[in-house]
Amino acid sequence: LVWRKFAVAWRGGGVGLGRGGKSLATRENALTQVNLTSSTTGLSRIRESFRFDRRLSSFLARGMATQASEPAAATTTKWVGGQSQEEFMLKDMCILVNEADEVTGHASKKECHVFNEKQPRGLLHRAFSVFLFNGKNELMLQKRASSKITFPSVWTNTCCSHPLYGYEPSEVESLSNTEVGKAPGTINAAIRKLDHELGIRAAQVPAEEFKFQTRLHYCAKDVSTAEDGSGWSWGEHEMDYILLIKTEEPVEVNPNPEEVDDWKYVTPQELRAMMGDKDLLWSPWFRIIEKEFLHTWWENLDEALSTSKFVDNKIHKLEIPRAGGSN
């Protein structure tokens with residue numbers, strides 16, 4: 001609760017930033033920037049502006065990731081939801097990789113997503129983006145909750161999150177799988193998060209129905225969380241695995257209010273109209289995927305799902321398109 005109040009106050013204009021301090025159009029353009037210029041860390045100034053309890057102060061002041069190699073034998077456990085976003089940021093271990101997507105270690109979500117003088121691009125880690133279509137070939141979108149720590153209140157694809165280290169079933173992808181167009185570990189993560197975020201049960205999205213398409217390497221600083229004059233902010237620096245799935249039968253959706261503010265199915269024409277609305281915000285990763293890949297897959301959806309025509313073993317390192325609608 002303390003963390004949520006702090007995060008909302010910080011983004012909502014408590015120091016002249018975020019939704020309370022910038023127009024939607026300004027914030028949308030800010031979300032497209034990958035501003036890697038940094039000076040001094042903002043922690044001391046943040047502490048001067050806010051009164052923390054001991055737990056939150058310790059959370060923010062904790063050091064950056066220890067990028068040690070993974071242990072040879074790691075204990076695994078089943079992931080359990082129902083925790084606060086602060087707890088997830090501390091306990092969930094993202095999978096660190098290099099630019100060739102080779103695993104180099106693991107670090108907490110908090111450590112991965114901090115941009116500061118020491119790590120102006122955060123830590124490169126694996127992620128996934130699910131695009132779920134219904135029997136009418138309509139795409140399910142979600143609007144991220146306003147209480148999300150990174151990129152709040154933005155529209156995006158059906159589900160986007162991170163495969164995690166140390167859980168069973170394993171979510172650590174082997175490159176021997178990606179080389180043949182498969183991603184079973186990442187699909188395990190996608191099934192877990194579709195349930196956690198949208199209440200879509202695993203039985204409605206069988207693993208064998210997912211289609212792994214490609215990988216996207218991008219970096220995006222969430223300027224809405226930045227402190228003026230400082231290099232400190234939240235952000236994303238991800239190796240993003242793109243997954244498609246189509247469900248002929250309607251899925252039951254029960255959104256988690258901690259994660260999702262809204263959701264809807266759209267046609268390609270409806271999506272283009274939404275993206276042309278300057279009052280709506282969009283996640284940076286979705287704008288890249290929409291511009292570069294989505295419509296080709298969508299126009300040939302059955303072929304994209306049933307064949308390997310559009311599957312590649314590439315890592316696409318791409319910049320975020322500027323705001324202002326679909327291209």
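In the predicted model, Thr-158 is buried, with a relative accessible area of 1%, a value that falls under the 20% limit by which burial is defined. The residue is found in the loop between strand 6 and strand 7, the latter spanning residues 159-161. When residues up to four places away in sequence are not counted, Thr-158 touches Val-130, Phe-131, Leu-132, Leu-139, Met-140, Gln-142, Leu-194 and Leu-198.

Burial is likewise found in the segment after strand 11, where Ile-320 lies. With a relative accessibility of 9%, Ile-320 counts as buried. The C-alpha atom of Ile-320 is separated by 5.5 Å from that of Ile-288, although the two residues are 32 residues apart along the chain.

Strand 8, which comprises residues 211-222, is largely enclosed by the rest of the structure, because 12 of its 12 residues are buried. Strand 8 is joined by 11 bridges to strand 9 (residues 233-246), and the two strands run antiparallel; within this pairing, Ala-220 has Glu-236 of strand 9 as its bridge partner. Strand 8 also pairs with strand 11 (residues 315-317), in this case in the parallel sense and over three bridges, with Ile-315 of strand 11 serving as the bridge partner of Arg-215.

In helix 10, which covers residues 268-275, the buried residues are Leu-271, Met-274 and Met-275. These residues lie on the same side of helix 10, because the arc that they cover around the axis is only 95°. Such an arrangement can be read against the general geometry of an α-helix, in which there are 3.6 residues a turn, so that residues three or four places apart point the same way. On the other side of helix 10, Gln-269 and Ala-273 are exposed. The elements that cover the buried residues of helix 10 include strand 5 (139-144), strand 6 (155-156), strand 10 (260-266) and helix 11 (284-299).

The largest pocket holds about 280 Å³ of space. Of the 13 residues that line this pocket, Lys-78, Trp-79, Pro-169, Asn-188 and Arg-192 are the closest to its centre. By residue class, the lining of the largest pocket divides into five nonpolar, three polar and five charged residues.

Key: Residues are numbered from 1 along each chain as its sequence is written. This is a predicted model: local features need pLDDT of at least 70, side-chain atom pairs count only at pLDDT 80 or more; totals for chains, interfaces and linings use all residues. Side-chain values use heavy atoms; hydrogens and water are left out. Buried means under 20% relative accessible area, exposed over 50%, partly exposed in between (1.4 Å probe, protein chains only). Helices (H or I, at least four residues) and strands (E, at least two) are DSSP runs, numbered from the N terminus. The arc is that of the directions from the helix axis to the C-beta atoms. Contact means heavy atoms within 4.5 Å. Two strands pair if DSSP finds at least two bridges between them. On a 1 Å grid over the protein atoms alone, a cavity is a set of points where a 1.4 Å probe fits but cannot get out, and a pocket is an open set with protein on both sides within 12 Å along at least five of seven lines; lining residues have an atom within 4 Å of a point. Grid points are joined across faces, edges and corners, and a volume is the space filled by probe spheres set on the points. Ala, Val, Leu, Ile, Met, Phe, Trp, Tyr, Cys and Pro count as nonpolar, Asp, Glu, Lys and Arg as charged, and the others, Gly among them, as polar.
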